[in-house]
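Please open the structure in a viewer and keep the selection tool at hand. The tour proceeds stop by stop.

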Amino acid sequence: MEGAFALLGAVERAGEAGLTRLAAECGLPKTTAHRLLEQLVDLGAVERSRGGYRMGPLVFRLGRSWQPYPGLRAAARAPARRLARLTGATVALNVLREGRTLVLDWTPGDDGGAIGALQDGATFPWFTAAGKVLVAGAHPCTPTGRLPAAWQREAEAIRERGAAFDREGVVSGVCCVAVALHGPTGAPLASLALVTDPEHSLDRLVGAVQQTGRVISAALRGR
């Protein structure tokens, strides 16, 4: 199993790669790598391509069912849709994993062109608004690297405001405001981010995002 998962990781990093490259990256004999890859093909976890191998549909289906906390997707689904309709902006559900912001789910808004590349499973640096609001709240998956010198002051401002902002700081033409979603213990489990373009005022949208976050957090606490 260790060899099969190593190959899956190598395929994921490469996007598409041949047997020789995958075997070398995983430190496996080519015969072993070929046997494991063909078994993964039979299972639908990997599929053959002109370039060798790429991710298969099974991994996609399994990945879409993952969530860091039971009921998170269900609790966020309807409120996120209402927020997208109300504001016309894209709404994303995010978690922190391995020091990066992972898009768990998203609801497109009328101005979806502002973030056309967004999709389930996309990852961004932790210092997006969606990641910063979790790091500021001492999320258990806080990045372990050296934080910027001004971070403590920014984190304090995020905690005081109850939201984090990103004005084209990560992706040109994309702005967002994010709030943390809290579970039964009060710990931040995920974040809700509203993503739009620079023409929209984040200060006018933050109230609606905060209210939606409170609704989702209440559902997670069973209230």
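What follows is a walk through a predicted model, beginning with aromatic rings and ending with strands.

**Aromatic rings**

A search of the whole structure finds two aromatic pairs. For the pair to visit at the outset, select Trp126 and Phe127: their rings meet edge-to-face, at 6.0 Å centre to centre and with 85° between the planes. Trp126 is buried, at 12% relative accessible area, whereas Phe127 is partly exposed, at 41%.

Keep Trp126 displayed and add Trp151. Here the ring centres are 5.2 Å apart and the planes stand at 90°, so this pair is also edge-to-face. The pair links distant parts of the chain, 25 residues apart: Trp126 is in the loop between β5 (123-125) and α6 (129-136), and Trp151 is in helix α7 (residues 151-161). Both Trp126 and Trp151 are buried. With Trp126, Phe127 and Trp151 shown together, one sees a cluster linked by ring pairs.

**Strand β8 and its partners**

Next, select strand β8, residues 188-196. How many of its nine residues are buried? The count is nine of nine, and the strand is mostly covered.

Now add strand β3 (residues 90-97), which runs antiparallel to β8 and is joined to it by five bridges. Within this pairing, Thr90 has Val195 of β8 as its bridge partner.

Then display strand β7 (residues 175-182), which pairs with β8 in the antiparallel sense over eight bridges. Cys176 stands opposite Val195 in β8.

For the last stop, select Gly186 in the hairpin of β7 and β8. Five residues lie between these strands, and Gly186 takes a positive phi near 90°.

Notes
Residues are numbered from 1 along each chain as its sequence is written. This is a predicted model: local features need pLDDT of at least 70, side-chain atom pairs count only at pLDDT 80 or more; totals for chains, interfaces and linings use all residues. Side-chain values use heavy atoms; hydrogens and water are left out. Rings of Phe, Tyr and Trp (its six-membered ring) pair if their centres lie within 6.5 Å; planes under 30 degrees apart count as stacked, over 60 as edge-to-face and the rest as tilted. Buried means under 20% relative accessible area, exposed over 50%, partly exposed in between (1.4 Å probe, protein chains only). Helices (H or I, at least four residues) and strands (E, at least two) are DSSP runs, numbered from the N terminus. Two strands pair if DSSP finds at least two bridges between them.
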